[in-house]
Amino acid sequence: MGQLGTVIVAFVALLVGMGAGVLGWRLLLQRKTQKERRESELLLEEARKEAETLKKEAILQAKDNIFRLKADFEKETKETRKELQSLEKRLLQKEENLDKKSEALDKRESAIAKREKQLQDKEKDLEHRSRELEDLIDAQRAKLESLSGISVQEAKEMLIKSIEEEARHEAALTVKRLEAEAREQADKKAKEIIALAIQRYAGDYVVEKTVSVVNLPNDEMKGRIIGREGRNIRALEATTGIDLIIDDTPEAVILSGFNPIRREVARLSLERLISDGRIHPARIEEIVEKVGQEIDMAIRDAGEQAAFDVGVHGIDAELIKLVGKLKYRTSYAQNVLQHSREVAFLCGVMAAELGLNEKQAKRAGLLHDIGKAVDHEVEGPHALIGADLAKKYGESAEIVNAIAAHHEDVPAENVLAILVQAADALSGARPGARKELLESYVRRLENLEKIAMSFKGVSKAYAIQAGRELRIIVENESVGDADTVLLSKDIAKRIESELTYPGQIKVTVIRETRAVEYAK
């Protein structure tokens with residue numbers, strides 16, 4: 001019992017303890033809840049106060065914005081009102097100006113209408129007077145025609161002819177005066193330059209032909225050259241490309257061909273075969289090949305020697321070879337290499353006198369005829385062929401144009417081209433430099449005299465100085481002194497357009513008056 005009581009007491013004590021604990025917990029929880037409620041109320045009160053403060057601030061801010069916007073609006077409205085007032089004022093002024101202009105235009109229109117009416121009246125009056133004047137002029141014209149015996153058309157023609165003759169006479173006088181002035185200034189200097197150039201260079205020349213003659217030691221050599229059944233002569237012609245003419249000419253064989261280099265190879269080969277005595281096809285081929293190599297060397301040496309003599313350097317090796325080939329070319333029986341050297345020296349002298357580049361002028365003169373060194377396989381004028389070759393081998397544009405323009409195939413673009421033209425004409429026109437066939441020479445003289453005689457007023461014409469001067473005698477009754485100037489120019493232009501000739505032709509017109517009386 002005692003233990004049970006103890007247990008019961010302990011249990012009761014436990015229950016009492018638990019009840020006290022629960023009661024204490026409830027009291028503690030109740031106190032905490034009241035504290036949180038008070039804190040929440042304080043927070044709510046603070047939030048309410050803060051919200052009231054923010055509300056007041058927002059209301060104040062909104063009032064400030066409204067006041068500022070109202071002030072800005074009033075300001076803009078005031079400015080707009082001022083602009084509208086200014087615009088209205090300007091419009092009023094414009095309206096007033098338009099009204100004034102309208103009034104002025106109305107007045108001007110009325111004045112113009114009045115003036116038009118006056119002009120119409122004057123026009124009618126003028127038309128009436130014009131008809132009266134025309135009638136009067138017709139009457140006077142008829143009276144003049146009856147008195148003079150010529151019509152109006154005839155009088156016009158006489159007047160026009162008189163004016164034309166007077167104008168032609170004045171033009172001739174003007175041309176004569178200008179030419180005299182130009183001649184006074186330029187003739188002396190030109191003569192000095194040309195004379196100095198000719199004086200400072202004098203060279204010999206060799207007449208070249210299209211045939212070469214090889215002398216034989218005896219006529220028996222002709223048979224050996226022909227060979228058995230003609231095999232030797234056929235071998236010579238095949239290897240050289242030159243025709244051999246063996247005729248009745250004693251102790252001579254003629255080599256004929258238009259290629260001078262091949263003709264020279266054939267000549268030297270034949271001479272060596274004759275001196276050697278062994279003439280057969282194999283030996284002929286050997287000698288021709290060897291001589292051909294020697295000719296190539298001689299061509300190169302001739303080109304280098306020409307460049308050295310002239311004093312130009314830096315020419316391409318192929319151009320040097322072409323210059324050497326000119327040694328075997330001729331033009332009107334004038335050696336082209338010798339002609340090129342002459343042109344080079346003349347160009348250099350004239351360039352030095354004019355203060356130009358002497359080396360460049362000599363270079364252009366030496367190369368101006370290199371187109372003649374090319375065989376007929378290349379088509380075109382030799383001046384343009386030479387210009388293409390010079391351009392191909394790196395010559396300057398001035399040199400190329402000087403070569404192309406020396407026969408006026410293209411326009412001259414610089415003074416150097418003019419110098420080459422003048423030097424080329426000087427070298428070709430030098431007495432004895434060139435030869436031409438008698439038939440073409442006589443034909444050219446006849447054509448010169450025929451052209452001169454075709455002009456009105458020419459009584460006689462004479463081609464003198466190997467056709468380099470044409471002297472014309474005119475009738476003094478039909479040709480005046482001033483007309484002789486125009487006549488010489490017309491004849492010169494006609495000769496330039498119709499004839500081909502080397503150098504230049506001087507046209508001299510002579511007019512003279514002779515008075516003859518006999519004493520009895």
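Me: Two strands count as paired if DSSP finds at least two bridges between them. In this predicted model, which residue of β7 stands opposite V458?

Reply: Strand β6 covers residues 458-464 and strand β7 covers residues 469-474. The two strands run antiparallel and are joined by six bridges. Opposite V458, in β7, stands V474.

Me: In which sense do β7 and β8 pair, parallel or antiparallel?

Reply: Strand β8 is formed by residues 506-510. L470 has V507 in β8 as its bridge partner, and R471 stands opposite T508 in β8. Over five bridges, the sense in which β7 and β8 pair is parallel.

Me: Which strands stand at the edges of the sheet?

Reply: The sheet is open, has three strands with mixed pairing, and follows the order β6-β7-β8. The twist from one strand to the next averages 15°. Each edge strand has a single partner strand, so one side of each is left without a neighbour in the sheet; the edge strands are β6 and β8.

Me: At about what angle to β8 does helix α14 run?

Reply: Helix α14 is made of residues 481-498. This helix lies across β6, β7 and β8. Relative to β8, helix α14 runs at about 150°.

Me: How many helices and strands does the protein chain have?

Reply: The protein chain has 520 residues, of which 28% count as buried. Among its contacts between residues at least 6 apart in sequence, 60% join residues at least 24 apart. The chain exposes about 36100 Å², with carbon and sulfur atoms supplying 54% of that area. Its secondary structure comes to 14 helices and eight strands.

Me: Which helix supplies the largest share of the largest nonpolar core?

Reply: The largest nonpolar core has 41 residues, and I315, V323, L366 and L367 have the most contacts inside it. At least two residues of this core come from each of α6 (281-310), α7, α8 (336-354), α9 (358-367), α10, α11 and α12 (415-429). The largest share is nine residues, and the helix that supplies it is α8.

Me: How many residues make up the second, separate core?

Reply: Within the largest core, I315 is one of the residues with the most contacts. Leaving aside residues up to four places away in sequence, I315 touches A307, I320, R363, L366, L367 and E395. A second core, separate from this one, includes I233, L236, L244 and L270, and its number of residues is 25.

Me: Against which helices do the buried residues of α10 pack?

Reply: Helix α10 spans residues 382-392, and its buried residues are A383, I385, G386, A387, L389 and A390. Just after this helix, G394 takes a positive phi of about 85°. The helices against which the buried residues of α10 pack are α7 (317-325) and α11 (397-404).

Me: Is E264 buried or exposed?

Reply: E264 has its place in helix α5, residues 260-276. It touches I295 and Y328, not counting residues up to four places away in sequence. The cut-off for a buried residue is under 20% relative accessible area. Because its relative accessible area is 16%, E264 is buried.

Me: What distance separates the C-alpha atoms of D247 and K222?

Reply: D247 lies in the loop between β2 (243-245) and β3 (252-256). This residue is partly exposed, with a relative accessible area of 33%. D247 touches K222 and I254, not counting residues up to four places away in sequence. Although D247 and K222 are 25 residues apart along the chain, the separation of their C-alpha atoms is 9.2 Å.

Me: What is the relative accessible area of E229?

Reply: E229 has its place in the loop between α3 (220-226) and α4 (231-240). Its phi is near 55°, a positive value in a residue other than glycine. E229 is exposed, and its relative accessible area is 71%.

Me: What value is phi of E408 near?

Reply: E408 is found in the loop between α11 and α12. At 64% relative accessibility, E408 counts as exposed. Its phi is positive in a residue other than glycine, with a value near 60°.

Conventions
Residues numbered from 1 in each chain as written. Predicted model: local features only at pLDDT ≥ 70, side-chain atom pairs only at ≥ 80, totals over all residues. Heavy atoms only, no water. Buried < 20%, exposed > 50% of the residue type's maximum accessible area, 1.4 Å probe, protein only. Helix = DSSP H or I, 4+ residues; strand = E, 2+ residues; numbered from the N terminus. Contact = heavy atoms within 4.5 Å. Areas by Shrake-Rupley, 256 points an atom, 1.4 Å probe, with all protein chains shown as cover. Core = buried A, V, L, I, M, F, W, Y, C linked by side-chain atoms within 4.5 Å. Axes fitted to C-alpha atoms, helices over the stretch in contact; angles between N-to-C directions.
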